[in-house]
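Hello,

I am handing over the structure below, with notes on what was found in it. Please read them with the model open.

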Amino acid sequence: MDDWLIAIIKVVGIWVWVLLIAVVMTWVERRGAGLIQDRPGPNRAGPWGLFQPLADGIKLFTKEEIIPTKAQKFLYIIGPALFSLPAFSAYAVVPFGDKIILGGKEIILQVSDVNIGFLYILAIGSMAVYGVILGGWGSTNKYSILGGLRSTAQMVSYEVPLGLALLAVVFVYGTFSLRDISLAQQGTFLGFLPNWGIFKQPLGFILFIVAAYAEANRVPFDLPEAESEIVSGYHTEYGSMRLGLYLFGEYVNLVTISGTIVALYFGSWHLPYIDLGAYLGPISWGIVSFCIFFLKVAFFLWLFVWVRWTLPRFRYDQVMGLGWRGLIPLALFNIFITALFIQLTV
Amino acid sequence: MNQNPTPQTGHGTGDYVTVNIGPSHPAMHGTLRVIALTDGESLIKAEPEIGYLHRGVEKLGESLSYHQFIPITDRLNYCSAIPNNVSYEMAVEKLMGLEVPEKAQLIRVIMMELARIADHQVCVGILGVDLGAFTPFFYLIIQREEIYEIFEWFNGARLTNTFGRIGGVDADLPDDFEDRWNELKPNVRKANEETEKLLTHNRIWMDRTIGVSAFSAEDALNWGFTGPCLRACGVKRDLRKDEPYCMYDKFDFEVPVGKNGDVFDRYIVRMIEMEQSIKIIDQAYKLYKEMPADAPLMARVPKVIKPPAGEVYSALESPNGELGFFVKSDGSANPYRIRIRPPCYMIYQAFPELVKGELIADLVACLSSLNVIAGELDR
Amino acid sequence: MDLKNRVEQCLGPENLVVAMAECQGDLSVEVPKRSILDVMRLLRDTPGLGFNFLSDVFGVDNLDLNKPKKRPKKKTEEGEGAEEAEETAEKESLPPRFEVIYLLLCLERNERLQVKVRVAEDDMEVDSLYSIWKASDWPEREAFDMYGIRFKGHPNLKRLLMWDDFPAYPLRKDYPLEGQGEERHLIYDD
């Protein structure tokens, strides 16, 4: 019974937490843009405009839902759902802290520590492309279809380097479980470097983050919704909360991706050179590990914002070229090197 | 929309898709429209359609008096109204054989160069936005606002300045121009520097712009290109140097030229021109200060302007290129015929050639780099 | 040698100059309509002239200028075109109604020249310059749009600024400023 309760609390808690971060992210994005662009950004609703996301939410929820006459209704309606559902469920295997001991029960801070960890993320992540392509196709709008096509090509292409980069991680840690990988990143290696994924897989990290940006449709890979070219891409015809689901799903994706990056490459809840877990009690360590993890995630979320307002956008052929001619050979090379190292050192 | 006269077959399976871009589209500045025949992402043909902002300016002019037409010229290139005003005024002055006092000419130069900076800032900023780089736009537009502040403080209008009168200018530069300009100058330079830092050597930016919609000098001349777009093709032509007006021959400035006539060159040419404009303003202001304070600002102009019958064409280097006014008078108080030769009209007609074989994303980049302003395109 | 003489020398022997006028330093030369292509090629290719840049093409409607001629003694008598008016007066009572003006530019010497052809109302066809300068593409279309002057050999002569089935030519002098109540009905149907 207790297990059930804990599971439900964890599921609901992390879900609400991720949604909350995503909501705040919409605010951070715009305030961040303002900061970078020498302007205030939204500053009217509440202190520092903090209630802006709330206002947006109310607006999106209360807007009239319009289905274009010529849209294919079923696909048009199911598109946003297909996009946001995987986004909301992908975080399940990403940890958000070490563990907490309450009343003698050890609770790991992760919804579910499945041993195929990021295979699940890959699988669920690639589901999102259905939402995009079906939404784009169902809108019966040329811009939407173009956006959907771009997004399909891009997401499918970049899943390959993403998967290959992850494969190299598996070589290093010998497991698919994100928790096991996180645990393995404690301490140092070679005497001075923190035992983090980024130091063991520097190239893999770069590959992963580039591919992840492309997967998330973020600048410089925001071609599926390139505003100046194809209006809004696949969600051109969407309004009200359906549009909200698309936009929101994107931010949830960002949280998941940042969480994955931190768990795989940035030592999860570990701080370099110091093992706080040894000094703190089980409850406080649970909270502190959660905070450390969140701060790292916050950095990568900010990085998304930062990059978005700094770089121009790629062109379609350049994205494809980068994916197939740049990242995939590099990823294969990375796997080769990693395998060689393991072979030689073990 | 589906008006392909001949059945088209594309590579592989067949049909091309007609994509209607504009007149309401985020990348179509103002009300431009391009009907693009696409094969996936690549363009087979792109045909611009114009006229959505046609207000019959030339027809309107025929029923207005010479002075009344000046506010109408504001609405041509609304990003930089002042060169429009001055170009028209110069045409009428030429028709009447008026000699504009030097001090007025200097004020015109200062204001025109400020307008040129403002125009280039918008163009470069929008080019960035259209290529997905949003931030430089704000750096530039903030400084443009400051330039508009100067305009506003000069004659109360920010965008539609109605600057000057036939025969000179109506008002002297206010006393604190020097302070304002000294305050503005470093900021403009800083904004430009930051923009360059963000864009010029950015790998993505270079990939997106270098070689995109490249145009040879020969073609450019054949199509009637002028201004930065022509200079980007490597033709050193600038009316300020070649047919000096308004004392431009007294100033020392460079005319930047590009090499390939691609988007990148147009961008660089505009960036350098802004710097040169700053130099010109400095020199013009120096000359201005040497003038006596009570030097005349207006030539002797009758109250009702009735130029002798005749027809003249007068052009100046507006931010976009050669902006000419052909004015034909029949001796009455209204112009008989006004013909405006807008620079981007000539440039935009080559648009199908410019984007031939490029991708949809390049179409947008090319369009913004040409700085097509619907107001002066459609008139 | 000044520009006027050079143009005279170039076009004169072929009998291509109908009239020449100068206004505030702007030289304009009127040439016969049928030989506009030859004139343009000559002006472009003759060394010493080299007008290699077409700046603009546009039409002018001289309806109002011609009108007073019916009544004797009017002040526009000495305006431009008075000479030509006499010349053509034998053929018809009025000089041709429209003009097409070409603005040429010599890039090497920065000289400008206006070339003018007169177009009568009953013969509204002029040779297109598209084969020489592509720059004449839209300006010619606009002249067609605004005045109804047709350009022979233009690859795509349709209305430019007005919509395709606009019934009139708005820049003609007999077209009222406020329009004639034309409306464009957009049909959203495929």
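The model is predicted. Chain B and chain C bury about 4100 Å² between them, and carbon and sulfur atoms give 54% of that area. Three residues, B:K59, B:E311 and B:Y336, supply 17% of what chain B buries against chain C, more than any other three residues. In terms of contacts, 46 residues of chain B meet 51 residues of chain C.

On polar links, the rule finds ten salt bridges across the interface of chain B and chain C. One of them joins B:E311 to C:K116, with the closest N and O atoms 2.9 Å apart. B:E311 is also among the three residues named above for buried area. The count of residue pairs in polar contact between chain B and chain C is 29, taking pairs with both residues at pLDDT 80 or more. The side of chain B that touches chain C is made up of 20 nonpolar, nine polar and 17 charged residues.

The other topic is internal space. There are six cavities of 30 Å³ or more in the structure. The largest has a volume of about 290 Å³. It is lined by 22 residues, of which A:I121, A:G125, A:L162, A:E215 and A:I257 are the closest to its centre. Helices 3, 4, 5, 8 and 10 of chain A each give two or more residues to this lining. Helix 4 of chain A gives the most, with seven residues. By class, the lining of the largest cavity has 15 nonpolar, five polar and two charged residues.

Regards

Definitions and conventions. Residues are numbered from 1 along each chain as its sequence is written. Chains are lettered from A and ligands numbered from 1 in the order in which they are written. This is a predicted model: local features need pLDDT of at least 70, side-chain atom pairs count only at pLDDT 80 or more; totals for chains, interfaces and linings use all residues. Side-chain values use heavy atoms; hydrogens and water are left out. On a 1 Å grid over the protein atoms alone, a cavity is a set of points where a 1.4 Å probe fits but cannot get out, and a pocket is an open set with protein on both sides within 12 Å along at least five of seven lines; lining residues have an atom within 4 Å of a point. Grid points are joined across faces, edges and corners, and a volume is the space filled by probe spheres set on the points. Helices (H or I, at least four residues) and strands (E, at least two) are DSSP runs, numbered from the N terminus. Ala, Val, Leu, Ile, Met, Phe, Trp, Tyr, Cys and Pro count as nonpolar, Asp, Glu, Lys and Arg as charged, and the others, Gly among them, as polar. Contact means heavy atoms within 4.5 Å. Buried area is the accessible area (1.4 Å probe) that two parts lose on being put together, summed over both. A salt bridge is a side-chain nitrogen of Lys or Arg within 4 Å of a carboxyl oxygen of Asp or Glu. A polar contact is a pair of N or O atoms within 3.5 Å; within protein, one must be able to donate a hydrogen and the other to accept it, and residues adjacent in sequence count only if both atoms are side-chain atoms.
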